[in-house]
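Open the structure in your viewer and keep the selection tool ready. This tour goes stop by stop and tells you what to select at each one.

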Number of protein chains: 2
Amino acid sequence: MPKVGMEPVRRKALVDAALRVIGDHGSLAVTMSDIARQAGVSPALAHHYFGSKEQLLIETIRSLLRQLRRDAVVALKQARTPRERLSAIVRVSFHADQFAPETIAAWLAFYAEAQRSEETRRFLVIYARRLRSNLLADLKALLPADAAERIAEGAAAMIDGLYIRQSLKSAPIGIEASIALTEDYLNALLASTSPSPLKEKGKPLRTIQGQMT
Amino acid sequence: MPKVGMEPVRRKALVDAALRVIGDHGSLAVTMSDIARQAGVSPALAHHYFGSKEQLLIETIRSLLRQLRRDAVVALKQARTPRERLSAIVRVSFHADQFAPETIAAWLAFYAEAQRSEETRRFLVIYARRLRSNLLADLKALLPADAAERIAEGAAAMIDGLYIRQSLKSAPIGIEASIALTEDYLNALLASTSPSPLKEKGKPLRTIQGQMT
DNA sequence: TAATTTTGATTGACTGATCAATCAATAAAA
DNA sequence: TTTTATTGATTGATCAGTCAATCAAAATTA
């Protein structure tokens, strides 16, 4: 069997398998055997390539974050104005892949794990910061800094909250409705807050591409 | 040692111990021994009274919900108008007990568990429904039904989201700020939505006490 | 080209640790 | 004496992680 160069193939297969198994099972309490079986290899091979279960799990969450970033970069490519970029960020957060029940279950499992694993927490903090700071960057083009910060915090919380509520699967809200609710929030608070006098309508100060990376 | 009537005492001690251990450990993957030790009894006794670990965990989440309900009843006692009741609901959600890191960690662990345990999910669904329907009841006194429903959904999501974000402990938001953000949301959306023509300012149609039970 | 050695890929079988759950035994009230 | 409370000891199952052995491609040598 040993065709050389299997390593990257197997690593990817195992990470994908881990994600699927965790999503299905709804917990990180899955066995290496489960994951290896799903990937079509022996448990020993999983240990061979990742050293430990923890390491495989870490790689799995990294892969989840990488995917999210990729989606974000694509979505932000098309956005031109700060307001459009805000909508793009919202839309990405509720992207169909991310909204699949298994993916939500996996995220949730990692959130719980973050209470114990310092490294898992680090990754989730990166995600949380990225979401907040991307929102913030565009809000600052529309509002004074202090208002922008409050609204960024609120929008991030609403996105995460809609996501979590989805995990219970009772009265599922749906992608479009989730986007609409978040947009409503942004519209209402943008309207009720006095706009930034300097930056409004002028050439936006920030239009750097690829901020969300 | 056997003084009769220990059962309720031990049950409570074990449930409290479970909550503390789960909160500290940040996961349901705690052993019966850990819990029993914390409660000052042998692991065998925990099994004697609860039959299984799962059952003890179920009782633990029930106790968490009971506490939340108690707080809510107290907070709603003082509220007079629908708008006051809305604020009371928000305040209760961020009540200090609920906001303690160990409590947040425990909630999170149960959310994750709900992906597997039908019974755990049932309890969390009850919580989610209760939050939504309490918000809804008072919003309907201020707004047309469809707008009320959207805003109830949004507010519930924001509350849960602020809660979850807290669990990462990076840039903690704090109780007061969390309340303020949710109030901002309510104020902004109440202002930007045309009020219910019939009910506004008149004697509210719904002022039944103890709705949040 | 043919024979060989080396190296990467892969696994089955095993180990040690951990835990939920059980149970028989004990001790003290009623 | 019967009932209730309590535990130490044990069991059976589950898993992460290890290891020596195998297999076949690739590299090297003849």
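## Stop 1: the largest cavity

Select Leu68(A), Trp107(A), Tyr127(A), Asp160(A) and Tyr163(A). Of the 15 residues that line the largest cavity, these five lie nearest its centre. Keep in mind that the model is predicted. The volume here is about 220 Å³.

Now colour the helices around it. In chain A, H5 (82-93), H7 (101-113), H8 (118-139) and H9 (145-166) each supply at least two residues of the lining. Which helix gives the most? H9(A) does, with four residues.

Colour the lining by class next. Nonpolar residues number 11, with two polar and two charged residues beside them.

## Stop 2: the second largest cavity

The whole structure holds three cavities of 30 Å³ or more. Go to the second largest, which has about 170 Å³ of space.

Select Ile164(A) first. This residue of chain A is part of the lining. Then add the chain B residues: Leu68(B), Ser93(B), Gln98(B), Trp107(B), Leu108(B), Tyr111(B), Tyr127(B), Ile159(B), Asp160(B), Tyr163(B) and Ile164(B).

Two helices of chain B, H7 (101-113) and H9 (145-166), each supply at least two of the lining residues. H9(B) gives the most, with four. By class, the lining divides into nine nonpolar, two polar and one charged.

## Stop 3: the largest pocket

Stay with chain B. Select Val15(B), Asp16(B), Leu19(B), Ser63(B) and Leu64(B). The largest pocket has 20 lining residues, and these five lie nearest its centre. About 560 Å³ of space lies in this pocket.

Show the elements that give two or more residues to the pocket lining: H1 (6-25), H4 (53-78), H6 (96-99) and H7 of chain B. The largest share, eight residues, comes from H1(B).

How many residues of each class line the largest pocket? There are five nonpolar, five polar and 10 charged residues.

## Stop 4: helix H5 of chain A

Return to chain A and select residues 82-93, which form H5. This helix also supplies at least two residues of the lining of the largest cavity.

Check its length. At 1.5 Å a residue, the 12 residues of H5(A) should span 16 Å. The end C-alpha atoms are 17 Å apart, which agrees.

Is H5(A) enclosed or open? Nine of its 12 residues are buried, so H5(A) is largely enclosed by the rest of the structure. To see the buried set, select Pro82(A), Arg85(A), Leu86(A), Ser87(A), Ala88(A), Ile89(A), Val90(A), Val92(A) and Ser93(A).

Then bring up what surrounds them. The buried residues of H5(A) pack against H4 (53-78), H6 (96-99), H8, H9 and H10 of chain A.

## Stop 5: Thr193 of chain A

Follow chain A past helix H10 (175-192). Thr193(A) is found in the segment after this helix. Buried or exposed? Thr193(A) has 16% relative accessibility. The cut-off for buried is under 20%, so Thr193(A) counts as buried.

Show the side chain of Thr193(A) and the backbone of Leu189(A). A polar atom of that side chain lies 2.6 Å from the backbone oxygen of Leu189(A).

Last, select Leu143(A), Ala147(A) and Ile151(A). Thr193(A) is in contact with these three residues, leaving aside its neighbours within four places in sequence.

Technical notes: Residues numbered from 1 in each chain as written. Chains lettered and ligands numbered in written order. Predicted model: local features only at pLDDT ≥ 70, side-chain atom pairs only at ≥ 80, totals over all residues. Heavy atoms only, no water. 1 Å grid on protein atoms, 1.4 Å probe; cavity = no way out; pocket = protein on both sides within 12 Å on 5 of 7 lines; lining within 4 Å. Points joined across faces, edges and corners; volume = space filled by probe spheres on them. Nonpolar A, V, L, I, M, F, W, Y, C, P; charged D, E, K, R; others polar. Buried < 20%, exposed > 50% of the residue type's maximum accessible area, 1.4 Å probe, protein only. Polar contact = N/O pair within 3.5 Å; in protein donor to acceptor, adjacent residues only side chain to side chain. Contact = heavy atoms within 4.5 Å. Expected span 1.5 Å × (residues − 1).
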